[in-house]
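Open the model in your viewer and keep the selection tool at hand. Each stop below says what to pick and what is there.

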Amino acid sequence: MRWIVPLLLFPILLRADPPLLDFPQVAVKLEEPATVDGRNFWTTPRFRIDADSNIDVEAVRKLAVIGESTFAALRSHPLPLFAPPEGYKPRVSIYWNSKAYEDAGAAKGSAGFYDGVGEARVLIRAEYFLQAVVVQKSRDTPEMDEDLAVHEFVHLGMHRKLAGLPQWLVDGLAEYFGSAHTGGGRFSFSRMDEAVRDHLRVKLSPRDRALRLLPVASIATLDDKGWLALMKSLQPEERYLAYGTALLLTHYHLNGGAERLERVRGLLEHAERRRKPLPFLSADDAPAIEAALYRFWRHKGLELSFATASP
């Protein structure tokens with residue numbers, strides 16, 4: 001018999017953001033790298049970072065600062081999020097060459113990839129990290145896509161919990177931290193409504209109030225394999241529609257009052273070392289959640305629509 005956590009009734013508007021600490025940048029000093037087979041290797045307090053030899057050391061330093069700072073923010077967050085690999089420093093690799101990136105284990109067409117099989121590892125495509133790639137560029141589009149690195153480091157920092165969580169929450173939390181990231185490894189959770197709104201606009205439609213996202217029911221019960229299959233079924237330009245829905249679902253639960261937040265806390269507390277996700281939402285919950293999201297975000301300047309992707 002499957003255990004389903006009942007969905008709590010919710011008000012028309014989500015409650016105000018709870019007060020959270022802001023997290024400053026963590027300083028990281030890189031020593032001279034060791035060079036092996038054309039790749040440079042550095043060691044930071046928590047990671048082993050390697051990069052193609054033609055990648056500037058300043059870019060590597062920025063990645064190291066973002067990684068160490070993301071781990072510090074996860075560790076200090078009020079929710080029990082921090083569960084990194086134990087017994088070793090995970091490897092973080094930056095690649096210019098897409099074939100080398102994919103040969104290392106990354107999913108084809110991805111910009112960043114968390115490999116949690118065996119010793120956990122993060123893979124980063126240099127051109128996406130060093131130059132933000134979005135559907136529509138605007139004056140608010142950052143030069144570097146630092147949030148791409150934040151996303152993957154959140155996965156790495158929650159490594160031991162991920163198998164026990166629904167995939168929308170795994171990726172939603174990664175995007176939530178990406179929204180809170182103000183640049184250079186600094187995080188602010190004090191105005192998450194605005195941070196999430198602006199993050200979605202940058203990723204999807206900086207000039208348009210209307211945003212199309214995937215239906216909640218299409219991601220509510222997916223595990224990691226189902227999520228990967230969904231990504232493969234979508235056109236590259238439509239993949240963020242799923243991440244956007246996951247981000248809004250995460251914000252809905254983390255910033256929608258004490259009862260929802262405690263449900264997430266309970267899920268996180270029981271997730272570590274589980275092999276399968278604990279049930280949390282069902283497809284039947286989707287219509288009411290979408291209606292609540294639509295009403296809330298309309299007051300924040302976004303017109304949401306939940307529709308299936310293009311054939």
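How many residues does α8 have, and how far does α8 reach from its first C-alpha to its last? Select α8 to find out. It has 15 residues and reaches 21 Å, close to the 21 Å expected at 1.5 Å a residue. Now colour α8 by accessibility. 15 of its 15 residues are buried, so α8 is largely enclosed by the rest of the structure.

**Zoom out**

This is a predicted model. The protein chain holds 10 helices and 10 strands. Of its 311 residues, 54% are buried. Look at contacts between residues at least 6 apart in sequence: 73% of them join residues at least 24 apart.

**Into α8: the loop before**

Select Pro236. This residue sits in the loop between α7 (224-233) and α8. Buried or exposed? Pro236 counts as exposed because its relative accessibility is 54%, and the cut-off for exposed is over 50%. Add Gly109 to the selection. The two are 127 residues apart in sequence, yet their C-alpha atoms are 7.5 Å apart in space.

**Next helix: α9**

Select residues 258-271. This is α9, with 14 residues. From first C-alpha to last it reaches 20 Å, close to the 20 Å expected at 1.5 Å a residue. Show its side chains. Arg260, Arg263 and Arg265 are among the buried residues here. Leu261, Val264, Leu267, Leu268 and Ala271 are buried too. What covers them? The cover includes α5 (167-180) and α8 (240-254).

Step just past the end of α9 to Arg273. Its phi is positive, about 70 degrees. Most residues other than glycine have a negative phi.

**α4 against α5**

Keep α5 on screen and add α4, residues 146-157. Two packed helices are described by the angle between their axes and the distance between the axes. Here the axes come within 8 Å and cross at roughly 135 degrees. That makes α4 oblique to α5. The crossing is right-handed.

Now select the contact residues:

- From α4: Asp147, Val150, His151, Val154 and His155.
- From α5: Val170, Asp171, Leu173, Ala174, Glu175, Phe177 and Gly178.

By class, this contact has 6 nonpolar, 3 polar and 3 charged residues.

**α1 against α4**

Hide α5 and show α1, residues 57-76. At what angle do α1 and α4 pack? The angle is about 50 degrees, with the axes 9 Å apart. That makes α1 oblique to α4. α1 passes α4 in a right-handed crossing.

Select both sides of the contact:

- From α1: Leu63, Ile66, Gly67, Thr70, Phe71 and Leu74.
- From α4: Glu146, Ala149, Val150, Phe153, Val154, Leu156 and Gly157.

The class count for α1 with α4 is 9 nonpolar, 3 polar and 1 charged. Val150 and Val154 of α4 meet α5, and Val150 and Val154 also take part in the contact with α1.

**Last stop: around β1**

Go to Glu32, in the segment before β1. Glu32 counts as exposed because its relative accessibility is 74%. Pick Trp42 as well. Glu32 and Trp42 are 10 residues apart along the chain, and 7.5 Å separates their C-alpha atoms.

Finish at Asp37, in the loop between β1 (34-36) and β2 (39-43). Check its backbone: phi is positive, about 50 degrees, although Asp37 is not a glycine. At 79% relative accessibility, Asp37 counts as exposed.

Key:
Residues numbered from 1 in each chain as written. Predicted model: local features only at pLDDT ≥ 70, side-chain atom pairs only at ≥ 80, totals over all residues. Heavy atoms only, no water. Helix = DSSP H or I, 4+ residues; strand = E, 2+ residues; numbered from the N terminus. Buried < 20%, exposed > 50% of the residue type's maximum accessible area, 1.4 Å probe, protein only. Expected span 1.5 Å × (residues − 1). Contact = heavy atoms within 4.5 Å. Axes fitted to C-alpha atoms, helices over the stretch in contact; angles between N-to-C directions. Parallel < 35°, antiparallel > 145°, perpendicular 65-115°, else oblique. Left-handed = near helix turned anticlockwise from the far one by under 90°. Nonpolar A, V, L, I, M, F, W, Y, C, P; charged D, E, K, R; others polar.
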